[in-house]
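Trainee: I should like to learn how to read a structure step by step. May we work through one together?

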Amino acid sequence: MYKPELVNSLKGYTGKQFATDFIAGIIVGIVALPLSIAFAIASGCSPETGLYTAIIAGFCIAAFGGTKVQIGGPTGAFTVIIYAIVNNPQLGVAGLATATVLAGVMLILLGVFKLGGLVKFIPYTIVTGFTAGIAVTIATGQIGDFFGMHPDFTNGITVLGTEYQKMPGTFVGKIGVYAQSLSSIDIYSTVMAVVCLVVIFLWPKVTKKIPGSLVVIVLATIASVVFSSAFGIKVDTIGKFVDGSAHYTIPRGLPTPQLPDFSINTLQTVFPTAISIAVLAAIESLLSAVVADGMIGSKHDSNNELIGQGIANILSPLFGGLPATGAIARTATNINNGGRTPVAGIVHAVILLLIMLCFGKYVEYVPMPALAAVLMSVAWNMAGIPAIKALSKGQKSDVAVLAVTFLVTVFVDLTYAIGVGLIMAAFFFIKKIIELSEVQSGNKTVVTGILGDGHTEQIELPKGVMVYEIEGSLFFGTVRKFEYALERAGSDCKVLILRMRNTIYLDAGGIKALEQALQLSEKNKFTIVISGIHTQPYMLLEKTGMADRLGRENIFDNINGALERANELVKNL
């Protein structure tokens, strides 16, 4: 039954808890201000769309989600997808709104059908690889603003045979444009960006209560205004970025909600994009929830969290917002400042709304190099360098999955990266299982083995009885080993005991192998006896009728019963 975490948290809620949640909400709201604007601009959208997202989606994720401390809003991971959508002539901003609503519906369905736990099956190597890939993509998109570049697209810029009339969305395209625009680097923008980046990284040594990103935005804005007025030194600002002038201001309030285009043609066009948004929102929000659980010692409800994320992504585009998900950095900021219930997330959304209403007119003066520095720091933190170093010391298969996922994310597409990574991870997993699986045979008078308690096991085999022990799962990947072992069965074999005490999984391939074993037994006139069978394999034998074909009198849960049956069969021959 769906019940938002807010409902649970309000039981026994105290004034003392509200005070700590209120303070945490104010702090995280201030932190979210520059990030929301920066992510919107990096996505190719206007600054206010980031604020709309943080306000609407941030409120919904807190009010309807399944975690105590999750802070939602626009995130860096979405900038790659959004930029590609809004710059797609077939989609644009209108297509983005439709895709986001559709993704919200998908997220709700995932939660309703209890599929929240599936995200846990995405290997850590894939998550690390595509997160690092997103970090590189974010950083690449900020190079122009960081160095104050002004690419000249008047006659188009050709990169590897492709002509661009505006900044491309691909990694290779952006690098090519930047390489041909090195002469336009602005020294003042570069100095400001470098100083801001240094301050961001060094600021935690001063205090962790006030985020460095907020400090550099405020100081850089003041410096930009002072140097522009006193010395005529100018750098690009948000106002100039939006409309080429210094008259742009954040709207004083939320827009009137509007429904996106839900025509069949539009839905078909945006469906693949909606899947990408839904998958990324689910992964990032639940990863953030897991991190939060570890920090406060709680346990989130993944299905309810997906429903809350779905509601947020349905309502956000109605008010002109972007796709949203749980933000790990803002969630950690909330926790570190005392937030312990969804009330803090609601306060954060309200604070952002008040800032937009009262101080939105000052946003036009925020320098673009400072925002670029903020996003560069975000990209560095997302890259997960320590995790990559640790994984690089492990198995080659893990390194391969991480590297391929990273490369596909950077050079192709995030959604393809997840798919390719999953296929590779599955392939290597199957390969490992095949290598670990064995079919051991014994046809001597005594078969010796080591029991789980460390004691030696000795089994006397009657003449004409052979034992094959299957170590590991009998599935499509290990069937050939089983078939090869059967082919070695001698003509003097009268009873073949298949010992399955270490086989806990059987699939259709395993059933097919048993059918072939039956055919071989009929041809060579020996009987198959099953020993030590587990629940899953036995249930599959029942469902497929294999239990009757083998003969229920030939299926035992231990080796002793199987040996007695083998003795009986040999004596009757």
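The following exchange takes up salt bridges, helix packing, the surface and some single residues in turn.

Trainee: Before we begin, what kind of model is this?
Mentor: Every value we discuss is computed from the atoms of a model. That model is predicted.

Trainee: How many salt bridges does a search of the whole structure find?
Mentor: Side chains of opposite charge can pair when their charged atoms come close. One such pair is Glu5 with Lys68, and another is Arg552 with Asp548. When the whole structure is searched, the number of salt bridges found is six.

Trainee: How many residues apart are Glu5 and Lys68, which meet in a salt bridge?
Mentor: The N to O distance in this salt bridge is 3.2 Å. Glu5 belongs to helix 1 (residues 5-9), while Lys68 sits in the loop between helix 3 (47-64) and strand 1 (72-73). The pair therefore links distant parts of the chain, and the separation is 63 residues.

Trainee: Is Glu5 buried or exposed?
Mentor: A residue counts as buried when its relative accessible area is under 20%. Its partner Lys68, at 29%, counts as partly exposed. Glu5 has a relative accessibility of 10%, so Glu5 is buried.

Trainee: Which strands are tied together by the salt bridge of Arg499 with Glu469?
Mentor: The closest N and O atoms of Arg499 and Glu469 are 4.0 Å apart. Arg499 is buried, at 6% relative accessibility, and Glu469 is buried as well, at 9%. Because Arg499 lies in residues 495-499 and Glu469 in residues 465-471, the pair ties together parts that are 30 residues apart in sequence, namely strand 9 and strand 8.

Trainee: Which residue is linked with Glu469 and Arg499 in a network of salt bridges?
Mentor: We have already seen that Arg499 forms a salt bridge with Glu469. These two residues are part of a network of salt bridges, and the residue linked with them is Arg501.

Trainee: In the salt bridge of Arg552 with Asp548, how far apart are the closest N and O atoms?
Mentor: Arg552 is partly exposed, with a relative accessible area of 40%. Asp548, at 52%, counts as exposed. The closest N and O atoms of the two residues are separated by 2.9 Å.

Trainee: Are helix 5 and helix 13 roughly parallel or roughly antiparallel to each other?
Mentor: Two packed helices are described by the angle between their axes and the distance between the axes. For helix 5 and helix 13 (residues 302-318), the angle is about 160° and the axes are 7 Å apart. Angles over 145 degrees count as roughly antiparallel. Helix 5 and helix 13 are therefore roughly antiparallel.

Trainee: Is the crossing of helix 9 and helix 10 left-handed or right-handed?
Mentor: Helix 9 (residues 187-202) packs with helix 10 (residues 212-231) at an angle of about 150°, with the axes 9 Å apart. These helices are therefore roughly antiparallel. Helix 5 passes helix 13 in a left-handed crossing, whereas the crossing of helix 9 and helix 10 is right-handed.

Trainee: What is the area of the nonpolar surface patch that includes Val105?
Mentor: Val105 is located in helix 5 (residues 92-112) and counts as partly exposed, at 36% relative accessibility. The other members of the patch are Leu109, Val112, Phe113, Leu115, Leu118 and Phe121. The patch has an area of about 690 Å².

Trainee: What is the phi of Lys114?
Mentor: Lys114 is placed in the loop between helix 5 and helix 6 (124-141). At 54% relative accessibility, Lys114 counts as exposed. Although Lys114 is not a glycine, its phi is positive, at about 60°.

Trainee: Where does Leu160 lie?
Mentor: Leu160 has a positive phi, near 50°, and is a residue other than glycine. Leu160 is exposed, with a relative accessible area of 75%. Its place is the loop between strand 2 (157-159) and strand 3 (162-164).

Trainee: What distance separates the C-alpha atoms of Thr273 and Thr98?
Mentor: Thr273 is found in helix 12 (residues 264-296), and at a relative accessible area of 15% it is buried. Thr273 and Thr98 are 175 residues apart along the chain. Their C-alpha atoms are separated by 9.8 Å.

Note on methods: Residues are numbered from 1 along each chain as its sequence is written. This is a predicted model: local features need pLDDT of at least 70, side-chain atom pairs count only at pLDDT 80 or more; totals for chains, interfaces and linings use all residues. Side-chain values use heavy atoms; hydrogens and water are left out. Patches are made of residues with over 30% relative accessible area and no salt bridge: like charges are joined within 9 Å, nonpolar side chains (Val, Leu, Ile, Met, Phe, Trp, Tyr) within 5 Å. Accessible areas come from the Shrake-Rupley method with a 1.4 Å probe; for residues, only the protein chains shown count as cover. A salt bridge is a side-chain nitrogen of Lys or Arg within 4 Å of a carboxyl oxygen of Asp or Glu. Helices (H or I, at least four residues) and strands (E, at least two) are DSSP runs, numbered from the N terminus. Buried means under 20% relative accessible area, exposed over 50%, partly exposed in between (1.4 Å probe, protein chains only). Axes are lines fitted to C-alpha atoms, for helices over the stretch in contact, and angles run from 0 to 180 degrees between N-to-C directions. Angles under 35 degrees count as roughly parallel, over 145 as roughly antiparallel, 65 to 115 as roughly perpendicular and the rest as oblique. A crossing is left-handed if the near helix is turned anticlockwise from the far one by less than a right angle, and right-handed if clockwise.
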